[in-house]
Every structure is written in C-alpha cells, then in structure tokens.
Amino acid sequence: MYGLVETARICRQVALNAMWGLAGNAMTGWRTRRDQRDYVANAHRQFEYCQGVLESYLSFAGITDWQSYLPGRRILEIGPGHSLFTGLWSLAMGAAQYVAVERFHWDNRPEFRRQIVQYLLDSLQPAQRARIDGVWQTYVEDPLKSKDGPLQYVVMPFEDFPGTGGPFDVIWSRVVLQSVLDLDAVFGKIAQCLCPDGLSIHKTDLGHEGHSHSGHPLSFLSYSPRLWRAMYSHRDSLNRLRKSDYFAAAQRAGMEMARVEVTRELDPSIVEAIRPRLLPAFRTKDTADLACQGLLLAMRHKSARMSPK
Ligand SMILES: C[S@@+](CC[C@H](N)C(=O)[O-])C[C@H]1O[C@@H](n2cnc3c(N)ncnc32)[C@H](O)[C@@H]1O
C-alpha cells in the first residue's frame, strides 16, 4: 500500500475534492476572482504566449511562412481559456474566421480584455488593425456577444459543437486534451470539422505536475479509478491517457500523425522503478509510452497525403 506521506497527501486531495463538491459554485467564483487579479497583472505575458502559440504551432506543422498561409483560413480553437487573443491575432493577420469552443466561460474583467487588446493594437500595422475593427470592440464589451461574424465564441464542450463556421483549415488546442473525458468523441469531432487537407495541432500534458502525491512522478497511475474519482471528480484533472491512447484514438477517428514531438520525458529507470505498483492497464504499457510526459501533435486526415498549401 501507500506510505504515510503519500496516504496523507491522498487524504488531503479527497478532502479538497469533497469541499469542492459541497461548495460548488461558491468555490468556483472565489477561484475565478483570485485568478482575475493574476491575469490582469499578467496581460502582457498572455499576449506574448498567444502570439507564440500561433507562430510555433503552425511552424511545427510545417507552415514556416505562416503569414502567407493565414489569409482566408478558417481556424477553430478548443479551450482557449481566459482570452480570445489568438483569435484576434489570427484575424488581424488575415484569417477569415476564428471560432473558439470553450466548455467554461471565464468571466474575465473588461480591464483585462481592454489591456490585452491594447497590446495587440499597438503591435499592428494600420491595415491589420482595420481587419479587426468592430470585432475587438465587441469582444472587449462582452465576449459572449461575439456570436456572428469573423470571431465566434461558443461556450459548450467541444464534443457537442455542431460545426458552425466550418469546415476548418486548422483546429488547435493547448493543454486541453489531457482533461477531456472522451477522447474518441473529441477526435471524432475534429475529423468531422476539419477540411480534407486541414491540420489539427495540439499540445497536451501527460504528467501530473503540481499535484504530485509522492516523490514519484508516475504515482498517480497507481490509484484505482475509484480513488482517482474520489480525489478529483469535482475538479479539473487528468484523464491519465498515455501517448499510445492518443495514437489509437486518432487512428479510430480516421486521422494520422503528421508530426509528433515528445516535449517532456522521464528517464526509463524512473519508469521501471514504479512499474510493479502501477494499475494493470498502465503496467503493461511500454517504457517509452509511460516515460512520455508531454506531447505536441500535428494530425491530418488519413486521406490527406499532400502537405498543406
Ligand atoms: C488548462 S486550460 C488551457 C487554456 C489555454 N488553452 C491556455 O493554454 O492557457 C484548459 C481549458 O480547456 C477547456 N476545456 C477542457 N475540456 C474542454 C472541452 N471538452 N471542450 C471545450 N473546452 C474544454 C477548459 O475549460 C479550460 O479553459
């Protein structure tokens, strides 16, 4: 069984989860308010991150001249989180459409939105600014009003998204896939919404950083599904899927990997040290699969053999 320290940590998580379950919306409201203070203070960091997502994701997928690629494209982002900045930026660069599908509306403050939009406007040429005129004002006023037109904000789980505004040339997400409960449904929806020669690019985190329950980074793969639910059912957490599960789900959805990068990896000796303790479903996975702690994926339809134009 677990040692004393690990047992204490597990009990703490179970207690926290129970509190979240009981307090529900009140806790969510408290967390959102606390996060807002941090986000307003860090608007510039958000701006740089969003800019980086666009550039690094597209070049990872083989589109180095992304400024020539974007004009006229339709983009969908799954789970953008606190800001729709990647969307405003893409539209300013000439994209025809940006649809954000977010499960939870982060009710951020107008001053945060105004600040982040100001960074964006200051960095644009007049012609680029003109492309998002009218769009950014609606976003600053109330993101939920961004329903029609080039920027669309849809609040629902991506699995339920009806595909409005598509088909899409690019579908991307950042640190979202690790928390979806039904990866088959998500990949199936991506396949349905993606153009025949479209690209789907995702960064996902397979580790459990910040929630470590013992000294071992894979100890969370030893907890039974019941214990895992007791610890996290009321909070955002990992689905615990491994690299091989992502590949298999892509295959089932009729997609294939155009490019894969393991962004974080454990030493094989660390994996083997815990293997006997892992749940059978994880114990039988190969070392490289268990060692993978983060992935960057670019997927396309199996039928799309040509590189993107
Ligand atoms: C860790 S945050 C990442 C936010 C942002 N992409 C970033 O990198 O800062 C994960 C986001 O994905 C959203 N999300 C998780 N599952 C989702 C789903 N099935 N459909 C749509 N959004 C989802 C969450 O609500 C959350 O805003």
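## Getting started

Helices here are DSSP runs of H or I with at least four residues, strands are runs of E with at least two, and both are numbered from the N terminus. By that rule, you can find 14 helices and 7 strands in this protein.

Keep in mind that this is a predicted model, where local features need pLDDT of at least 70, side-chain atom pairs count only at pLDDT 80 or more, and totals for chains, interfaces and linings use all residues. Residue numbers start from 1 along each chain as its sequence is written.

## The overall picture

A residue is called buried if 20 or more other C-beta atoms lie within 10 Å of its own, exposed if there are 12 or fewer, and partly exposed in between, with C-beta atoms placed from the backbone. Of the 309 residues in the protein, 34% are buried.

Two residues are in contact if their C-beta atoms, again placed from the backbone, lie within 7 Å. Take the contacts between residues at least 6 apart in sequence: 79% of them join residues at least 24 apart.

## Around the ligand

How many residues surround the ligand? There are 16, and the closest are Gly79, Gly81, Arg103, Phe158 and Arg174. To be near the ligand, a residue needs its backbone-placed C-beta atom within 6 Å of it.

Sorted by class, this shell holds 9 nonpolar, 3 polar and 4 charged residues. For the sorting, Ala, Val, Leu, Ile, Met, Phe, Trp, Tyr, Cys and Pro are nonpolar, Asp, Glu, Lys and Arg are charged, and the others, Gly among them, are polar.

## Helices that pack together

Two packed helices are described by the angle between their axes and the distance between the axes. The axes are lines fitted to C-alpha atoms, for helices over the stretch in contact, and the angles between N-to-C directions run from 0 to 180 degrees. Start with α1 (residues 4-23) and α10 (residues 225-232): they pack at about 55°, with axes 6 Å apart. That makes α1 oblique to α10; angles under 35 degrees would be roughly parallel, over 145 roughly antiparallel, 65 to 115 roughly perpendicular, and the rest are oblique. On the α1 side you'll find Ile10, Gln13, Val14 and Asn17, which meet Ala230, Met231 and Tyr232 of α10. That contact has 5 nonpolar residues, 2 polar ones and no charged ones.

Next up are α9 (residues 183-193) and α11 (residues 243-252), whose axes come within 9 Å and cross at roughly 45°. These two helices are therefore oblique to each other as well. The crossing of α9 and α11 is right-handed, meaning that the near helix is turned clockwise from the far one by less than a right angle (anticlockwise would be left-handed). Leu183, Asp184 and Phe187 of α9 meet Asp245, Ala249, Ala250 and Arg252 of α11. Here the split is 4 nonpolar, no polar and 3 charged.

## A covered helix and a buried tyrosine

Helix α5 (residues 85-92) is mostly covered, with 8 of its 8 residues buried. Among them are Phe85, Trp89 and Leu91. After α5 comes Gly94, which has a positive phi near 115°.

Now look at strand β3, home of Tyr153. Is Tyr153 buried or exposed? It is buried, because 21 other C-beta atoms lie within 10 Å. Leaving out neighbours within four places in sequence, Tyr153 touches Leu84, Ala100, Pro143, Leu144 and Ser146. The C-alpha atoms of Tyr153 and Tyr139 are 9.3 Å apart, with their positions 14 residues apart along the chain.

## Backbone oddities

Most residues other than glycine have a negative phi, and most peptide bonds are trans. So which bond is cis? The one joining Gly166 and Pro167, with omega about 0°. Pro167 sits in the loop between β3 (151-155) and β4 (168-174).

Val175 has a positive phi, near 40°, although it isn't a glycine. You'll find Val175 in the loop between β4 and α9, and it is partly exposed because it has 13 other C-beta atoms within 10 Å. Arg240 also has a positive phi, near 70°. Its place is the loop between α10 and α11, and with 17 C-beta neighbours inside 10 Å, Arg240 counts as partly exposed.
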